[in-house]
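Here is a short set of notes to read alongside the structure. Take the points in order, with the viewer open.

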Amino acid sequence: MKIVDAKVVVTSPGRNFVTLRITTDEGITGLGDATLNGRELAVVSYLLDHVVPLLIGRDPHRIEDTWQYLYRGAYWRRGPVTMAAIAAVDVALWDIKAKAAGLPLYQLLGGASRDRVRAYGHASGRDVPELFDSIRARQAEGYQAIRVQTGVPGLAKVYGVHRDGESAAEGRHPRPVVEDWDTAAYLRHIPGVFEAVRGEFGPELPLLHDAHHRLTPVQAARLGKALEPYDLFWLEDCTPAENQEGLRLVRRQTSTPLAIGEVFNSVFDYQTLVGEQLIDYVRSAVTHFGGVTPLRKLFDYAAQYQIKSAVHGPEDISPVGMAAAIHLDLAIHNFGIQEYSGHTALTDEVFRHAYTFTDGHLHPGEAPGIGVELDEELAAAHPYRPAYLPVNRLADGTVHDW
Ligand code: KDG
Ligand code: MG
């Protein structure tokens with residue numbers, strides 16, 4: 001079999017998605033997600049100008065070799081743009097291989113290690129009553145594990161906090177919006193929120209919280225300690241991702257489980273964190289980590305340290321990236337949990353998918369390949385719109401960490 005064509009489709013059915021479609025001389029096609037929120041067109045150029053010409057004529061079955069060829073062969077390694085582009089090729093090739101075999105991808109990854117994959121959803125509220133309503137809404141949708149984010153008194157708007165039913169995509173703007181941030185106010189407020197949530201929803205509901213990289217190690221250690229009575233499933237991205245050594249201090253001070261990695265794109269970003277067992281969950285996305293091939297290797301490495309998977313799955317991972325994640329989740333032994341917010345109905349029409357969400361759990365379905373079909377005509381009817389994430393500034397105007 002040979003690759004005869006590779007096309008990049010950019011569409012915005014509610015938010016922007018970049019998809020690679022590889023076609024073979026036998027008529028089998030494969031899809032890969034290359035969406036990098038806020039920097040989408042950089043990946044489009046990387047693919048069209050530098051990757052697609054190298055793919056034509058290659059054997060699509062040689063997935064590992066193609067991965068190494070694109071990663072080592074470029075000289076310039078790692079980085080989110082490079083790794084999103086390589087991820088799209090990797091997933092598209094796995095899709096083709098599994099379709100050629102007539103099997104769902106998870107079968108090629110070793111078969112199912114479990115019957116279904118537990119997902120967590122997002123609840124948020126500007127205040128505690130609004131948060132309670134949002135948690136109840138997620139429970140009504142079937143979620144059995146819930147990420148909790150709230151507004152902070154004195155701050156006009158906190159990232160990830162919006163009225164229930166209002167999609168996060170509705171807050172997107174053609175230039176980054178400035179939001180305010182005050183770490184001291186946040187640290188004073190959050191423990192009381194979790195006390196209230198535990199009081200209302202009881203001890204059993206798994207609760208997660210995302211600090212979005214905003215804390216220093218000592219602030220993160222204090223927060224982790226303060227949250228111990230509320231038994232979090234995890235505290236996510238407590239400190240900026242680059243500073244792996246900072247997690248040593250956090251780890252020594254608190255037994256609140258730690259998750260990190262959604263902005264990581266290589267196993268080297270995890271060397272200290274995994275090797276010293278400083279975290280409990282690795283959180284990279286298939287789409288930003290170079291695909292199924294390297295993420296599987298990361299999970300195998302993490303398994304030696306009793307660290308589990310928690311693939312990043314926000315709305316800005318397309319259904320193609322989500323499908324690949326769910327196949328991997330079903331197959332690996334050290335699965336932890338899968339983030340899943342779902343997509344707009346229009347997105348699900350553009351990307352018809354075999355995966356299902358029932359009773360808070362996902363299943364990839366039994367369609368050959370990753371089980372996603374792209375409606376290119378509908379995709380073309382919803383063209384790219386520039387959209388950026390917000391930035392934070394402190395009261396004195398200083399730009400703060402994500
Ligand atoms: O593009 C940024 C989002 O993917 C990120 O903000 C979502 O933090 C996030 C999460 O945990 O899903
Ligand atoms: Mg996060």
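1. Which residue in E3 is the bridge partner of Ile22? That partner is Gly30. One remark before going further: this is a predicted model. The pair sits between strand E2, residues 17–24, and E3, which run antiparallel and are joined by five bridges. Four residues lie between the two strands of this hairpin, and Gly27 has a positive phi there, near 85°. Strand E3 covers residues 29–33, and because four of these five residues are buried, the rest of the structure largely encloses the strand.

2. Strand E2 also has a partner on the N-terminal side of the hairpin with E1. Strand E1 (residues 3–11) pairs with E2 through eight bridges, again in the antiparallel sense. If you would like a place to look, find Asp5, which stands opposite Thr23 in E2. The hairpin of E1 and E2 has five residues between its strands, and Gly14 shows a positive phi near 120°.3. Now turn to strand E7, residues 207–210. Leu207 and His209 point one way from this strand, Leu208 and Asp210 point the other way, and all are buried. Strand E5 (residues 146–150) pairs with E7 in the parallel sense over two bridges, and Arg147 has Leu208 in E7 as its bridge partner. E7 is also joined to E8 by three bridges, and these two strands run parallel. Here Asp210 has Glu236 in E8 as its bridge partner.

4. Asp210 and Glu236 come back at the metal. Which residues coordinate the magnesium ion, ligand 2? The ion is coordinated by Asp210 (OD), Glu236 (OE) and Glu262 (OE), at 2.0 to 2.1 Å. Along the chain, these donors follow the spacing D-x25-E-x25-E. Glu236 and Glu262 link distant parts of the chain, being 26 residues apart: Glu236 belongs to strand E8 (residues 234–236), while Glu262 is in the loop between strand E9 (258–260) and helix H9 (271–275). Both Glu236 and Glu262 are buried.

5. Ligand 1 deserves a look next. It is surrounded by 13 residues, and the closest are Asn37, Tyr159, Glu236, Glu262 and Glu339. By class, the shell around ligand 1 holds seven charged, three polar and three nonpolar residues. Glu236 and Glu262 are therefore worth viewing twice, since they are among the closest residues to ligand 1 and also coordinate the magnesium ion.

6. How do side chains meet the oxygen atoms of ligand 1? Tyr159 places a polar side-chain atom 2.6 Å from an oxygen atom of ligand 1. For Asp210, a polar side-chain atom lies 3.1 Å from an oxygen atom of ligand 1. Arg283 likewise has a polar side-chain atom 3.1 Å from an oxygen atom of the ligand. Taken alone, ligand 1 exposes 330 Å², and the protein buries 90% of that.

7. Two backbone angles are worth checking. Most residues other than glycine have a negative phi. Tyr75, however, has a positive phi, near 75°, and Asp237 has one near 45°. Tyr75 is found in the loop between helix H2 (63–73) and helix H3 (80–101), whereas Asp237 is in the loop between E8 and helix H8 (246–253). Is each of them buried or exposed? Tyr75 is exposed, with a relative accessible area of 64%; Asp237, at 0% relative accessibility, counts as buried.

8. His343 is a good residue to zoom in on. It lies in the loop between strand E12 (338–339) and helix H12 (345–350). Why does His343 count as buried? Its relative accessibility is 15%, and the cut-off for buried is under 20%. The side chain of His343 reaches two backbone oxygens: that of Ile317 at 2.7 Å and that of Glu315 at 3.4 Å.

9. Finally, have a look at Ala137 in helix H5, residues 128–141. At 23% relative accessibility, Ala137 counts as partly exposed. The C-alpha atoms of Ala137 and Ala123 are separated by 8.2 Å, and the two residues are 14 apart along the chain.

Terms used. Residues are numbered from 1 along each chain as its sequence is written. Chains are lettered from A and ligands numbered from 1 in the order in which they are written. This is a predicted model: local features need pLDDT of at least 70, side-chain atom pairs count only at pLDDT 80 or more; totals for chains, interfaces and linings use all residues. Side-chain values use heavy atoms; hydrogens and water are left out. A residue is near a molecule or strand if one of its heavy atoms lies within 4 Å of it. A polar contact is a pair of N or O atoms within 3.5 Å; within protein, one must be able to donate a hydrogen and the other to accept it, and residues adjacent in sequence count only if both atoms are side-chain atoms. Accessible areas come from the Shrake-Rupley method with a 1.4 Å probe; for residues, only the protein chains shown count as cover. Ala, Val, Leu, Ile, Met, Phe, Trp, Tyr, Cys and Pro count as nonpolar, Asp, Glu, Lys and Arg as charged, and the others, Gly among them, as polar. Donors are N, O and S atoms within 2.8 Å of the metal (3.2 Å for Na, K and Ca); water is not among the atoms, so sites may look incomplete. Buried means under 20% relative accessible area, exposed over 50%, partly exposed in between (1.4 Å probe, protein chains only). Two strands pair if DSSP finds at least two bridges between them.
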